[in-house]
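Subject: Structure handover

Hi there,

Here is the structure I promised to pass on to you. Please open it next to this email, and have a look around before you read my notes.

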Amino acid sequence: MPSQTLNAHGFLLYPNPRNQHRIVFEHHVFVPYPYAIIDIPAMDLVGKTSVYAACRESDRKMGQVVTFELEEDVARFEKRFAP
């Protein structure tokens, strides 16, 4: 049986079945709210994104990781996201 998790950027990632892009992109943001709804289409991001449930390996904190193809989308996401 294949692994259901990924290790990337210091996180143990659990793929979201709603991801259009099943890639862990270079730029990322950790959101420490495991149950927050992240509405990616409403944020008008330019590049591709993917969302994962995550466990931060340094302190085992649960949350979500949003990965971005473009660095400019990181700032736009941080500005518009409200838990």
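Below is what I found, going from confidence to cores, single residues, the pocket and the backbone.

**Confidence**

Please keep in mind that this is a predicted model. The protein chain has an average pLDDT of 92, and 96% of its residues reach at least 70. Among the elements, strand β5 has the highest confidence, with a mean of 97, while strand β1 (residues 6–8) has the lowest, with a mean of 91.

**The nonpolar cores**

In soluble globular proteins, nonpolar side chains tend to be buried together. Here the largest nonpolar core has 13 residues, and those that touch the most other members are V31, I38, I40, V66, F68, F77 and F81. At least two residues of this core come from each of β3 (27–31), β5 (62–68) and α1 (71–80). A second core, separate from that one, has 7 residues, including F11, L13, Y52 and V65.

F68 is a good place to begin if you want to trace contacts. Setting aside residues up to four places away in sequence, F68 touches a run made up of F25, E26, H27, H28 and V29. The same residue also touches L45, K48 and T49, as well as D73, V74 and F77.

**Two members of the second core**

L13 sits in strand β2 (residues 11–15). Is L13 buried or exposed? Its relative accessible area is 0%, so L13 is buried. Beyond residues up to four places away in sequence, L13 touches Q4, T5, L6 and A8, then V24, then Y52, A53 and A54, and finally V65. Y52 and V65, two of these contacts, are listed with L13 in the second core. The C-alpha atoms of L13 and T67 are 11 Å apart, with their positions 54 residues apart along the chain.

F11 is in strand β2 too. With a relative accessible area of 6%, F11 is buried, because the cut-off for buried is under 20%. Its contacts, again without residues up to four places away in sequence, are L6, H28, F30, A54, C55, R56, E57 and V65. From F11 to G63, 52 residues apart along the chain, the C-alpha separation is 10.0 Å.

**H28**

H28, which F11 touches, belongs to strand β3. Its relative accessibility is 30%, so H28 counts as partly exposed. Which residues does H28 contact, leaving aside neighbours within four places in sequence? They are H9, F11, V65, V66, T67 and F68. For H28 and T67, the C-alpha atoms are 4.1 Å apart in space, although the two residues are 39 apart in sequence.

**The largest pocket**

You may want to look at this part with your own tools. The largest pocket has a volume of about 530 Å³. It is lined by 19 residues, of which R18, I38, I40, P41 and V51 are the closest to its centre. I38 and I40 also appear among the members of the largest nonpolar core. Strand β4 (residues 49–56) gives the most to the lining, with 3 residues. Sorted by class, the lining has 9 nonpolar, 8 polar and 2 charged residues.

**Two backbone angles to check**

Most residues other than glycine have a negative phi, and most peptide bonds are trans. D44 is not a glycine, yet has a positive phi of about 50°. D44 lies in the loop between β3 and β4, and is exposed, with a relative accessible area of 53%.

R60 likewise has a positive phi, of about 60°, and is not a glycine. Where does R60 lie? It is in the loop between β4 and β5. R60 is exposed, with a relative accessible area of 52%.

Happy exploring, and best wishes!

Conventions:
Residues numbered from 1 in each chain as written. Predicted model: local features only at pLDDT ≥ 70, side-chain atom pairs only at ≥ 80, totals over all residues. Heavy atoms only, no water. Core = buried A, V, L, I, M, F, W, Y, C linked by side-chain atoms within 4.5 Å. Buried < 20%, exposed > 50% of the residue type's maximum accessible area, 1.4 Å probe, protein only. Helix = DSSP H or I, 4+ residues; strand = E, 2+ residues; numbered from the N terminus. Contact = heavy atoms within 4.5 Å. 1 Å grid on protein atoms, 1.4 Å probe; cavity = no way out; pocket = protein on both sides within 12 Å on 5 of 7 lines; lining within 4 Å. Points joined across faces, edges and corners; volume = space filled by probe spheres on them. Nonpolar A, V, L, I, M, F, W, Y, C, P; charged D, E, K, R; others polar. pLDDT = per-residue confidence, 0-100.
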